[in-house]
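Colleague: I'm new to this one. Can you walk me through it?

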Amino acid sequence: MILRPLKTKQKKNVDKTIKDLEKNKTIYGYHTLINWDKTNHDVCTAVIQVNAKPERDYGYDRIAKKIYNFPEVDTMYLLAGNYEFLLIVKGKTMVEVAKFVNSRLAVIEGIERTATMYVLKQYKNMGRLVEDDNKDAAEKIIGNSIMDFEKIVNPVVKDIPPSGIRKFF
């Protein structure tokens, strides 16, 4: 199917619909996806699981508000499962993130436990694959090592008579 450019009337209709959706907060933001490995900025991303005790009459909402107001907290979810909250936290270094968890997050009244995991590599973000210039480096190294191994070992092994064990396999 060949896509045709929108006619002026159609374009105005689309623009109006988007503006209406933005106004009523159905669309409440836009994101830029950044591959931080291709920049000169240091970014450490951590996924933090948080156990918290709900408050009478408020549930988890007041604790959540204390947490999500920190600028380090990029994303926050209330979960059903072993932990109440899942946070995506960003800092410049692992030490910076650890200090945030120890001195600001874990001390909030109602938080019982945290578990921090640091992101080593991102493969996909918001449905888009993250491009990696070295994506096949490990596979190439392993593949070349196997080929080199076979070149060296195969000529030697082919001249060895099979043993009882080799016959079994």
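Modeller: One term before we start: buried means under 20% relative accessible area. By that cut-off, Phe 70 is buried, and Phe 100 is buried too. Keep in mind that this is a predicted model.

Colleague: Okay, rings then. How many aromatic pairs does the structure hold?

Modeller: The structure holds 2 aromatic pairs. One of them joins Tyr 60 and Phe 85, with 5.8 Å centre to centre and 85° between the planes. That pair is edge-to-face.

Colleague: Where do Tyr 60 and Phe 85 sit in the chain?

Modeller: Tyr 60 is in the loop between β1 (44-52) and α2 (61-68). Phe 85 is in strand β3 (residues 85-91). They are 25 residues apart, so the pair links distant parts of the chain.

Colleague: And why does Tyr 60 count as partly exposed?

Modeller: Because its relative accessibility is 22%. Phe 85 has 2%, so Phe 85 counts as buried.

Colleague: Back to Phe 70 and Phe 100. Why is that pair edge-to-face?

Modeller: Because the planes of Phe 70 and Phe 100 stand at 80°, and over 60 counts as edge-to-face. Their ring centres are 5.2 Å apart.

Colleague: Which parts of the chain does that pair link?

Modeller: Distant ones. Phe 70 lies in the loop between α2 and β2 (73-78), while Phe 100 belongs to helix α3 (residues 94-105). The two are 30 residues apart.

Colleague: Any charge story? What sits over the ring of Tyr 58?

Modeller: The charged end of Arg 62 does, 3.9 Å from the ring centre.

Colleague: New topic: the sheet. What order do the strands have?

Modeller: The order is β2-β3-β1-β4. It is an open sheet of 4 strands with antiparallel pairing. The edge strands are β2 and β4 (111-118), each paired on one side only. From one strand to the next, the twist averages 20°.

Colleague: What holds strands together in general?

Modeller: Strands of a sheet pair through backbone hydrogen bonds.

Colleague: Then how many bridges do β1 and β4 pair over?

Modeller: 7 bridges, in the antiparallel sense. Ala 52 has Ile 111 of β4 as its bridge partner.

Colleague: Last thing, the helices. Which strands does α2 lie across?

Modeller: α2 lies across β1, β2, β3 and β4. Its direction runs at about 165° to β2.

Colleague: And α3, what does that touch?

Modeller: α3 packs on the sheet and touches β1, β2, β3 and β4. The direction of α3 makes about 175° with that of β4.

Note on methods:
Residues are numbered from 1 along each chain as its sequence is written. This is a predicted model: local features need pLDDT of at least 70, side-chain atom pairs count only at pLDDT 80 or more; totals for chains, interfaces and linings use all residues. Side-chain values use heavy atoms; hydrogens and water are left out. Rings of Phe, Tyr and Trp (its six-membered ring) pair if their centres lie within 6.5 Å; planes under 30 degrees apart count as stacked, over 60 as edge-to-face and the rest as tilted. Buried means under 20% relative accessible area, exposed over 50%, partly exposed in between (1.4 Å probe, protein chains only). A charge sits over a ring if NZ of Lys or CZ of Arg is within 6 Å of the ring centre and within 35 degrees of the ring normal. Two strands pair if DSSP finds at least two bridges between them. Axes are lines fitted to C-alpha atoms, for helices over the stretch in contact, and angles run from 0 to 180 degrees between N-to-C directions. Contact means heavy atoms within 4.5 Å.
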